[in-house]
Amino acid sequence: MTQTRALPRSLTGKVVSNKMQKTVVVEVIRIERHSLYGKVLRRKTKLKAHDEVNQCQIGDQVHIVYARPLSKTKHWRVSEVLSKRVAS
């Protein structure tokens, strides 16, 4: 019998802060419908993610995957930068 490993949980979001060393704050937006009224709601969640080489800047779209606990609040890791912010 062979055991298959489940794929790690992954999310896509926008970097809103990179003030810490090797850590970025990623805002993930999910759209859900209210259970009673049916109104479409946008919910935001801020997650701290590990950025080993400090490559992420504010405004970048990133893909993060769940990892082992790295600190008290950091449980995610940046797997790739999908798009860099547009300089204005």
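Strands E3 and E5 run parallel and are joined by 3 bridges. Within this pairing, Ala49 of the protein chain stands opposite Trp76 in E5. The model described here is a predicted one, and this parallel contact is a handy place to enter it, since Trp76 will return further on. Strands of a sheet can pair in a parallel or an antiparallel way, in both cases through backbone hydrogen bonds.

The E3 to E5 pairing belongs to a wider arrangement. Five strands close into a barrel, and their order around it is E1-E2-E3-E5-E4. The pairing in this barrel is mixed. From one strand to the next, the twist averages 50°. The protein chain holds 5 strands and 0 helices, and its elements, followed from the N terminus, run β-β-β-β-β. With a radius of gyration of 15 Å, well over the 12 Å that the globule rule gives for 88 residues, the protein chain is more spread out than a compact globule.

Other overall values fill in this picture. The C-alpha trace spans about 55 × 45 × 25 Å along its principal axes. Of the 88 residues, 26% count as buried. The accessible surface comes to about 7,000 Å², and carbon and sulfur atoms account for 51% of that surface. Among the contacts with a separation of 6 or more, 48% are made by residues 24 or more positions apart.

The N-terminal part of the barrel can be followed strand by strand. Strand E1 covers residues 10-20 and strand E2 residues 23-33, and the two pair in the antiparallel sense over 4 bridges. Across this pairing, Val15 stands opposite Val26 in E2. E1 and E2 form a hairpin with 2 residues between them. One residue to look at in this turn is Lys22, placed in the loop between E1 and E2. Lys22 has a positive phi of about 60° although it is not a glycine. The relative accessible area of Lys22 is 36%, so this residue is partly exposed.

The next hairpin is built from E2 and E3, with 6 residues between the two strands. Here the turn includes Gly38, which has a positive phi of about 80°. E2 and E3 run antiparallel and are joined by 11 bridges. Arg33 stands opposite Val40 in E3.

Strand E3 covers residues 40-50 and contains Arg42. What is the exposure of Arg42? Its relative accessibility is 58%, so Arg42 counts as exposed. Leaving aside neighbours within four places in sequence, Arg42 is in contact with Ile29, Arg30 and Ile31. Twelve residues further along the chain is Asn54, and the C-alpha atoms of Arg42 and Asn54 are separated by 29 Å. Asn54 lies in the loop between E3 and E4. Phi of Asn54 is near 50°, a positive value in a residue other than glycine. With a relative accessible area of 42%, Asn54 is partly exposed.

The C-terminal strands bring the account back to Trp76. E4 and E5 pair in the antiparallel sense over 6 bridges, and Val62 stands opposite Val81 in E5. E5 thus has two pairings described here: the antiparallel one with E4 and the parallel one with E3.

How many aromatic pairs does a search of the whole structure find? The search finds 1 aromatic pair. This pair is formed by Tyr66 and Trp76, with 5.3 Å from centre to centre and 85° between the planes. The geometry is edge-to-face, a class that applies to planes over 60 degrees apart. Tyr66 lies in strand E4 (residues 61-66) and Trp76 in strand E5 (residues 74-83), so the pair ties together parts that are 10 residues apart in sequence. The two partners can also be described by their exposure. Tyr66 counts as partly exposed, at 44% relative accessibility. Trp76 has a relative accessible area of 6% and is buried. Trp76 can therefore be placed in two settings: buried at 6% relative accessible area, and opposite Ala49 across the pairing with E3.

How values were computed. Residues numbered from 1 in each chain as written. Predicted model: local features only at pLDDT ≥ 70, side-chain atom pairs only at ≥ 80, totals over all residues. Heavy atoms only, no water. Phe/Tyr/Trp six-rings, centres within 6.5 Å; stacked < 30°, edge-to-face > 60°. Buried < 20%, exposed > 50% of the residue type's maximum accessible area, 1.4 Å probe, protein only. Pairing = 2+ DSSP bridges. Axes fitted to C-alpha atoms, helices over the stretch in contact; angles between N-to-C directions. Rg over C-alpha atoms; globule rule 2.2 N^0.38 Å. Contact = heavy atoms within 4.5 Å. Areas by Shrake-Rupley, 256 points an atom, 1.4 Å probe, with all protein chains shown as cover.
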